[in-house]
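Q: Please take a close look at how the strands in this model are arranged, and then follow the chain outward from there to the ligand. I should like each step of the reasoning to be explained as it arises.

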Amino acid sequence: MWRKLFSNVNQYKKYAILAPLFVVLEVVCEVLIPKIMTYIIDDGVAKGNINAVLINGGIMVILAGLSLLLGLLSARFAAVASMGFGANLRENMFNKVQNFSFKNVDKFSTGSLITRFTTDVSFVQQAFMMSIRIAFRAPVMLILSIVMIFTINIKIAIAFVVLVPLVWGLMIFAMKFVVPLFEKLFKKFDALNTKVQENLTGIRVVKTFVRENHESASFRKASLDLQDAQIKAEKLLVYANPLMNFVTYAITITVVWIGGIQIMQATMSAGDISGIIAYIGQLLMALVMVAMVFVNLFMSRASARRISEIIDETPDISDKDADPSVKVEDSNIIFDKVSFKYKEAAENPVLSDISFEVKKGEVLGIVGGTGSGKSSLVQLIPRLYDASQGNVLVGGRNVKEFKIETLREAVGMVLQNNTLFSGTIEENLRWGNPNATQEELEEACKIASAHDFIVSFPNGYKSDISQGGVNVSGGQKQRICIARALLKKPKVLILDDSTSAVDSATEAEIREGIKASMKETTLIVIAQRIASVIDADKIIVLDDGKINGIGTHKELLQNNNIYKEIYNSQLGGVR
Ligand SMILES: Nc1ncnc2c1ncn2[C@@H]1O[C@H](COP(=O)(O)OP(=O)(O)O)[C@@H](O)[C@H]1O
Ligand SMILES: [Mg+2]
């Protein structure tokens, strides 16, 4: 998993190699310093040789300066490499999410995606920085300092060779308790982020329902949960430092004690003991660093896994085997015994045994209660989801035979819950066709009955849409979305309840306009109002995922009870 993530270092590899290299050189300088110190004490101070003091002192200063320089450089390289790594990782994840199918998106909550992009990436980035710096520094320092102790006093050195793995084992044992706590922590982070994300995007709904206090309380709960988990996790880590200090001092005292006896027996010099004490310092520091690296890698393992989940998620809708030269020639649509489930595990299909045909240029209306599967049905046409059974054909070919881009170029769809993006109206319209001329923009907007209100804005087509399109009314937003789809000049145009917020008269105008301007286009209209589909060549009545009736308005009025019921409730008294 790590290896795969680390492959994201990419163009920063150079820095990722230089950093540990410089770290190792830095450590070598650092480890030599106490050794020089022993010379100063034994050859210089003890013998009163001022020259030896000066020469060795000079060497020491040079080594110190060198290690500072190398340290600075390696820190810089590590920073460049890890920040670059983080950026690459985010970019990769973002691109991956862009390729997700609707089904993939359903799987991750937005809150969890945000944690993965932010907190998780920082953790992994941190872990990476550690691995190219500390993870090299610590072991090299550990080994070199033991080697140096060997050059001074073999007995003490052997004691350390025994002692080090012991302390190490202890640390790894402690880690077993820390890791699960951190995994819990991330779940709480997710919950908090979901809460924040949901509330910020839905703040207007929160206000209309006067749910502020309730939402604050539930945020508080999520926040306290997180706090709790954090305290629990940190509590264990808090013990680490004092414990480490205790071990350091205990060992130092022991060495000074043993060394003291040896000095009195004249088997060891004062310089040697000062050297050993310095090396013990370095050695224990290295041990602490090793522990830190471990904790960090363990902690970020959960993050790494969560990032990998995104990177490894295979978009469940793929067009790898599709032939790019296959074009959507025709615009007739066939559903052949189609069944559909959102999740394989679900018991009941959302759509079952749907078969029908719409010919080129025809208008198909779909009516039915909410939840009857209307949106699900049309989403199968541009392959937003794939049918679980049966085939969906566009222009006589199975939709899976087209490149997704080809298919979606040909199938324009105005989703039920559509979104405008921040930017001007014109920029939003150009999603439909980046190269549209001003005339084409206006023509599409005229058909969608959007032109008049757009030019009534002070900045006209250059008016800014705020995020989510909150500064236009629901009906205005729907009309801009329709114009955006019209600009694609699609062979098949699907309107999923796209005029629900537009008044009936305007809606009729839009319908007439579309029909008049796009004679070749197959039009599929999902609507609540019978009036919206009354002229359709064919109307499907959906009920609980099944086709309850199919025919023209007249036919259905005669032989379909559901249709009759809807009609009577809406128009019966009027016409
Ligand atoms: N993304 C989804 N994941 C799981 N179930 C869904 C999803 N979208 C819709 N459903 C379910 O599928 C059924 C049909 O929904 P939908 O096609 O949106 O109905 P309609 O558009 O007719 O109101 C509903 O029971 C709904 O709960
Ligand atoms: Mg719907």
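A: Two strands are said to pair if DSSP finds at least two bridges between them. The model examined here is predicted. In it, β1 and β2 are joined by five bridges and pair in the antiparallel sense. Five bridges also link β1 to β4, and this pairing is antiparallel as well. In general, strands of a sheet pair through backbone hydrogen bonds, in either a parallel or an antiparallel manner.

These pairings belong to an open sheet of four strands, whose order is β2-β1-β4-β5 and whose pairing is antiparallel. The edges of this sheet are β2 (351-358) and β5 (397-398); each has a single partner strand, so one side of each is left without a neighbour in the sheet.

Individual residues show how β1 is placed against its partners. Towards β2, Ile-334 stands opposite Glu-357, and Phe-340 has Leu-351 as its bridge partner. Towards β4, Asp-336 stands opposite Asn-391.

Strand β1, which covers residues 333-340, also contains Lys-337. Lys-337 has only 12 C-beta neighbours inside 10 Å, and a residue with 12 or fewer is exposed, so Lys-337 is placed in that class. Its backbone deserves attention: Lys-337 is not a glycine, yet its phi is positive, at about 50°. Most residues other than glycine have a negative phi.

A second case of this kind is Arg-383, another residue other than glycine, with a positive phi near 60°. Arg-383 lies in the loop between α11 and β4 (389-394). Its surroundings are those of a buried residue, because 21 other C-beta atoms are within 10 Å and the class begins at 20. A third positive phi, of about 65°, is taken by Ala-266 just after α9. Helix α9 itself runs over residues 212-264 and reaches 77 Å from its first C-alpha to its last, close to the 78 Å expected for its 53 residues at 1.5 Å a residue.

Attention now turns to another strand, β6. Four bridges join β6 to strand β9 (residues 492-496), and these two strands run parallel. Within this pairing, Met-413 of β6 has Ile-494 of β9 as its bridge partner. In a regular strand the side chains alternate between the two faces of the sheet. In β6, Val-411 and Met-413 are on one side, Gly-412 and Val-414 are on the other, and all of them are buried, which leaves both faces covered.

Val-411 illustrates this covering well. The residue belongs to β6, which spans residues 411-414. Val-411 counts as buried because it has 27 C-beta neighbours inside 10 Å. Leaving aside neighbours within four places in sequence, Val-411 is in contact with Ile-381, Pro-382, Val-394, Pro-490, Val-492 and Ile-494.

Beyond β6 the chain enters the loop between β6 and β7 (423-424), where Gln-416 is found. Gln-416 has 15 C-beta neighbours inside 10 Å; the count lies between the limits for exposed and buried, and the residue is therefore partly exposed. Apart from neighbours within four places in sequence, its contacts are Ser-375, Asp-496 and Asp-497. Gln-416 and Ser-375 are 41 residues apart in sequence, while their C-alpha atoms are 7.6 Å apart in space. The sequence can also separate residues that are distant in space: Val-411 and Met-292 are 119 residues apart, and the distance from C-alpha to C-alpha is 55 Å.

Ser-375 leads to the ligand. The residues around ligand 1 include Ser-375, together with Gly-371, Ser-372, Gly-373, Lys-374 and Ser-376, among others. Helix α11 (residues 374-379) gives the most to this shell, with three residues. By class, the shell consists of two nonpolar, seven polar and two charged residues. Other members of the shell come from elsewhere in the sequence, including Asp-106, Tyr-342 and Val-350.

Notes: Residues numbered from 1 in each chain as written. Chains lettered and ligands numbered in written order. Predicted model: local features only at pLDDT ≥ 70, side-chain atom pairs only at ≥ 80, totals over all residues. Contact = placed C-beta atoms within 7 Å. Near = placed C-beta within 6 Å. Nonpolar A, V, L, I, M, F, W, Y, C, P; charged D, E, K, R; others polar. Expected span 1.5 Å × (residues − 1).
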